[in-house]
Amino acid sequence: GYTSFEKQHKHFPVMFTHHLPTLITKQKQVNTINLYKARDQPIKRNIKLKALLDGTINCAYLNSWVQCAPGANFTGTDSLMPPTILQLKKTVKVKTGDRLKLQVNFSYGKSLDNAEFDLEVLKGTKS
């Protein structure tokens, strides 16, 4: 997505003081964990996306779906990944239809200050 960042913040929760970013792609699931067995585990993934709009992408919109029981879900708490916006390593301009690769590198149980999300337009696409 795209949003404005204050210089001192690499990420921030979406609360009453911030708006959702302009979303340029669909959301994709990155990982599933069992909270009873979760530890500090590194997650490295490459996620394929497609630009649905022309625009500039500078952030990832992160949220967690927590399932307490089948059919009983919620989207996080103040201590368990509330909806959050994380700044990408670099800003990328995209055109509608561009194929994108989001490189995700973070660890559960660690600060998002150390998370790295990087986006690139794949060769052979419209841009």
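## Contacts and overall make-up

Among the contacts in the protein with a separation of 6 or more, 68% join residues 24 or more positions apart. These values come from a predicted model. The protein has 127 residues, and 31% of them count as buried. Its exposed surface amounts to about 8,800 Å², of which carbon and sulfur atoms supply 52%.

The secondary structure consists of eight strands and zero helices. Along the sequence this reads as β-β-β-β-β-β-β-β.

## The three-strand sheet

Three strands form an open sheet in the order E2-E7-E8, and their pairing is antiparallel. Strand E2 (42-50) and strand E8 (116-121) stand at the edges; each has a single partner strand, so one side of each is left without a neighbour in the sheet. On average, neighbouring strands of this sheet are turned by 15 degrees against each other, direction ignored.

Strands of a sheet pair through backbone hydrogen bonds, in either a parallel or an antiparallel manner. Here, E2 pairs with strand E7 (residues 99-107) in the antiparallel sense over nine bridges. One residue pair can be named: the bridge partner of Ile 47 is Leu 102 in E7.

## Nonpolar cores

The largest nonpolar core contains 20 residues. The members that touch the most other members are Ile 57, Leu 88, Val 94, Leu 100, Leu 102, Phe 117 and Leu 119. Elements giving two or more residues to this core are E2, strand E3 (55-62), E6, E7 and E8. Another core, of five residues, lies apart from it and includes Phe 5, Phe 12, Cys 59 and Ile 85.

Leu 102 thus appears in two settings: as the bridge partner of Ile 47, and among the residues of the largest core that touch the most other members.

## The surroundings of Gln 87

Gln 87 is found in strand E6 (residues 84-94). Its relative accessible area is 30%, and Gln 87 is therefore partly exposed, because this class lies between the limits of under 20% for buried and over 50% for exposed residues.

Leaving out residues up to four places away in sequence, Gln 87 touches Phe 5, His 9, Lys 10, Asn 58 and Cys 59. Of these contacts, Cys 59 is 28 residues from Gln 87 along the chain, yet their C-alpha atoms are separated by 4.4 Å. Phe 5 and Cys 59, both touched by Gln 87, are among the members of the five-residue core.

Technical notes:
Residues are numbered from 1 along each chain as its sequence is written. This is a predicted model: local features need pLDDT of at least 70, side-chain atom pairs count only at pLDDT 80 or more; totals for chains, interfaces and linings use all residues. Side-chain values use heavy atoms; hydrogens and water are left out. Helices (H or I, at least four residues) and strands (E, at least two) are DSSP runs, numbered from the N terminus. Buried means under 20% relative accessible area, exposed over 50%, partly exposed in between (1.4 Å probe, protein chains only). Contact means heavy atoms within 4.5 Å. Two strands pair if DSSP finds at least two bridges between them. Axes are lines fitted to C-alpha atoms, for helices over the stretch in contact, and angles run from 0 to 180 degrees between N-to-C directions. Accessible areas come from the Shrake-Rupley method with a 1.4 Å probe; for residues, only the protein chains shown count as cover. A nonpolar core is a set of buried Ala, Val, Leu, Ile, Met, Phe, Trp, Tyr and Cys residues joined through side-chain atoms within 4.5 Å.
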